[in-house]
Amino acid sequence: MDEKLFSQAIVKFLGGLLIVGLLLFLPAGSFSYWQGWLLMGILFVPMFVAGLVMMQKSPDLLRKRLDAKEEQSEQKTVIILSGLMFLAAFVIAGLNFRFGWIVLPSWVAWAAAVVFLLAYALYAEVLRENIWLSRTVEVQENQKVIDTGLYGVVRHPMYMTTLLLFLSMPLVLGSVLSFVIMLAYIPIIAKRIRNEEQVLESGLEGYAEYKKRVRYKVIPFVW
């Protein structure tokens, strides 16, 4: 096992756990915010398991995703906007619990949790299908177009899964207001996809033909 990679992964995992916990429970003013614990469980337990699997099976992919640094200014803007979106959504969810602005039935949180876990499974499948998958917009050495599996349905299955993940999160947290905030993810990824396809079409052989074969970007028959 690569001890440096393991240490890097653990530090980022614990850092994410701490940040999300603070963003949820400080505004909530209580550790009795059960929807917050539910989200923490379905988010970080599978993440930990997936990290261990990648450590054993695809350490290079794990390293790539941990070390990702965007070089393109347009994508840096996307990352900043995404960060602000999550910050606002989590804080509002905590405040919604504290002040009881809009209270959703418990079954909504549990149903959204099921959707979240199904999306997580799709996310894992995308990672399995595409060994060149990166958190940054780039064309890698020896990269080839993937057009099988989910990539034969939509051109960006990773964004399809993250859309499901991110829109189910606020409902797991029981916050309609946070759901409205997270809808901002749609124009954010639209901006990212435009730039990403320009980079891939200009630098990845066969991508222009792939775009003609697979019509939809994120949602089959819709987008």
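This report describes how some helices and buried residues are arranged in a predicted model.

**Helix 2 and its partner**

Helix 2, which covers residues 34-57, has 24 residues and reaches 34 Å from its first C-alpha to its last, close to the 34 Å expected at 1.5 Å a residue. Its buried residues are Gln35, Gly36, Leu38, Leu39, Met40, Ile42, Leu43, Phe44, Gly51, Met54 and Met55.

Two packed helices are described by the angle between their axes and the distance between the axes. For helix 1 and helix 2, the axes come within 11 Å and cross at roughly 170°. Because angles over 145 degrees count as roughly antiparallel, helix 1 is roughly antiparallel to helix 2. By class, the contact between these two helices has 16 nonpolar and 3 polar residues, and no charged ones. On the side of helix 1, the residues that take part include Leu5, Phe13, Leu24 and Phe25, while on the side of helix 2 they include Trp37, Leu39, Phe44 and Met55.

**The nonpolar core**

In soluble globular proteins, nonpolar side chains tend to be buried together. In this model, the largest nonpolar core has 60 residues, and those with the most contacts inside it are Leu24, Leu39, Phe90 and Met169. Among the elements that give two or more residues to this core are helix 1 (3-28), helix 4 (73-99), helix 5 (106-129) and helix 8 (185-203).

Which residues, then, does Leu39 contact, leaving aside its neighbours within four places in sequence? They are Leu24, Phe90, Met169, Val172 and Leu173. The table sets this residue beside two others, again leaving aside neighbours within four places in sequence.

| Residue | Residues in contact |
|---|---|
| Leu39 | Leu24, Phe90, Met169, Val172 and Leu173 |
| Met169 | Leu39, Leu43, Phe86, Phe90 and Phe116 |
| Thr161 | Ala119, Leu122, Tyr123 and Val126 |

**Two residues of helix 6**

Thr161 is found in helix 6, which runs over residues 157-172, and Met169 is found in helix 6 as well. Is Thr161 buried or exposed? Because buried means under 20% relative accessible area, Thr161, at 0% relative accessibility, counts as buried. By the cut-off of under 20%, Met169 also counts as buried, because its relative accessibility is 5%. Although Met169 and Val115 are 54 residues apart along the chain, their C-alpha atoms are separated by 9.4 Å.

Note on methods
Residues are numbered from 1 along each chain as its sequence is written. This is a predicted model: local features need pLDDT of at least 70, side-chain atom pairs count only at pLDDT 80 or more; totals for chains, interfaces and linings use all residues. Side-chain values use heavy atoms; hydrogens and water are left out. Helices (H or I, at least four residues) and strands (E, at least two) are DSSP runs, numbered from the N terminus. Buried means under 20% relative accessible area, exposed over 50%, partly exposed in between (1.4 Å probe, protein chains only). Contact means heavy atoms within 4.5 Å. The expected span of a helix is 1.5 Å times one less than its number of residues. A nonpolar core is a set of buried Ala, Val, Leu, Ile, Met, Phe, Trp, Tyr and Cys residues joined through side-chain atoms within 4.5 Å. Axes are lines fitted to C-alpha atoms, for helices over the stretch in contact, and angles run from 0 to 180 degrees between N-to-C directions. Angles under 35 degrees count as roughly parallel, over 145 as roughly antiparallel, 65 to 115 as roughly perpendicular and the rest as oblique. Ala, Val, Leu, Ile, Met, Phe, Trp, Tyr, Cys and Pro count as nonpolar, Asp, Glu, Lys and Arg as charged, and the others, Gly among them, as polar.
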